[in-house]
Each structure stands twice: as C-alpha cells, then as structure tokens.
Amino acid sequence: MSEVDRQADLKAKNQRLALILASVAAVFFLGFLVKMAWFPHH
C-alpha cells in the first residue's frame, strides 16, 4: 500500500467520522430546540 493510498484512506475515514459527528450534533441540537419549544421556561 503506497503512501498516497494510505493518505486517501485516512482522509475518507476522517470525512466519514466528521459526517457522523455532525449528524450527532445536529440531532442533539434539534432535540434541544424541540424541548425548548414544547417545554418553555416559566
């Protein structure tokens, strides 16, 4: 496996990890917004 192949593989893994983290963050953020909308503070 050449250095270029290894770097490309690493980049693909990092992009997938970033996508997963962004998805998790988006779900938490949406859940927070929904909670604020349904249960406003008095």
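How many helices and how many strands make up the secondary structure of the chain? The count is one helix and zero strands, in what is a predicted model.

**View 1. The whole chain, end to end.**
The C-alpha trace spans about 60 × 10 × 5 Å along its principal axes. The one helix here, α1, takes in residues 3-38. If you're hunting for a core, the tally is blunt: 0% of the 42 residues count as buried. The chain exposes about 4,200 Å², and carbon and sulfur atoms supply 72% of that area.

**View 2. The salt bridge between R6 and E3.**
This is one of the two salt bridges that the structure holds. The side chains of R6 and E3 meet at 3.1 Å, N to O. What separates the two partners along the helix? R6 and E3 are three residues apart in helix α1, so about one helical turn lies between them. Neither partner is buried: R6 is partly exposed, with a relative accessible area of 49%, and E3 is partly exposed too, at 43%. With the cut-off for exposed set at over 50%, R6 at 49% stays in the partly exposed class.

**View 3. The salt bridge between K13 and D9.**
Move along helix α1 and you meet another pair, K13 and D9, whose side chains form a salt bridge with an N to O distance of 2.7 Å. These two residues sit four apart in helix α1, about one turn of the helix. Buried, exposed or partly exposed: which class does D9 fall into? D9 has a relative accessible area of 34%, which makes it partly exposed. Its partner K13 is partly exposed as well, with 42% relative accessibility.

**View 4. From D9 to M36.**
Keep D9 in the frame and add M36. How far apart are their C-alpha atoms? The separation is 41 Å, for two residues that are 27 apart along the chain. D9 itself lies in helix α1.

**View 5. The nonpolar patch around L33.**
Which residues form a nonpolar patch on the surface? They are F29, L30, F32 and L33, and together they have about 420 Å² of accessible area. Zoom in on L33 and you're still looking at helix α1. L33 has a relative accessible area of 42%, so it counts as partly exposed. That value also clears the over 30% cut-off that patch members have to meet.

**View 6. S23 and its distance to S2.**
Here's a serine pair to finish with. S23 is found in helix α1 and is partly exposed, at a relative accessible area of 38%. Where does S2 sit relative to S23? Counting along the sequence, S2 and S23 are 21 residues apart; in space, their C-alpha atoms are 32 Å apart.

Terms used
Residues numbered from 1 in each chain as written. Predicted model: local features only at pLDDT ≥ 70, side-chain atom pairs only at ≥ 80, totals over all residues. Heavy atoms only, no water. Buried < 20%, exposed > 50% of the residue type's maximum accessible area, 1.4 Å probe, protein only. Areas by Shrake-Rupley, 256 points an atom, 1.4 Å probe, with all protein chains shown as cover. Patch = residues over 30% accessible without salt bridge, like charges linked within 9 Å, V, L, I, M, F, W, Y side chains within 5 Å. Salt bridge = Lys/Arg side-chain N within 4 Å of Asp/Glu carboxyl O.
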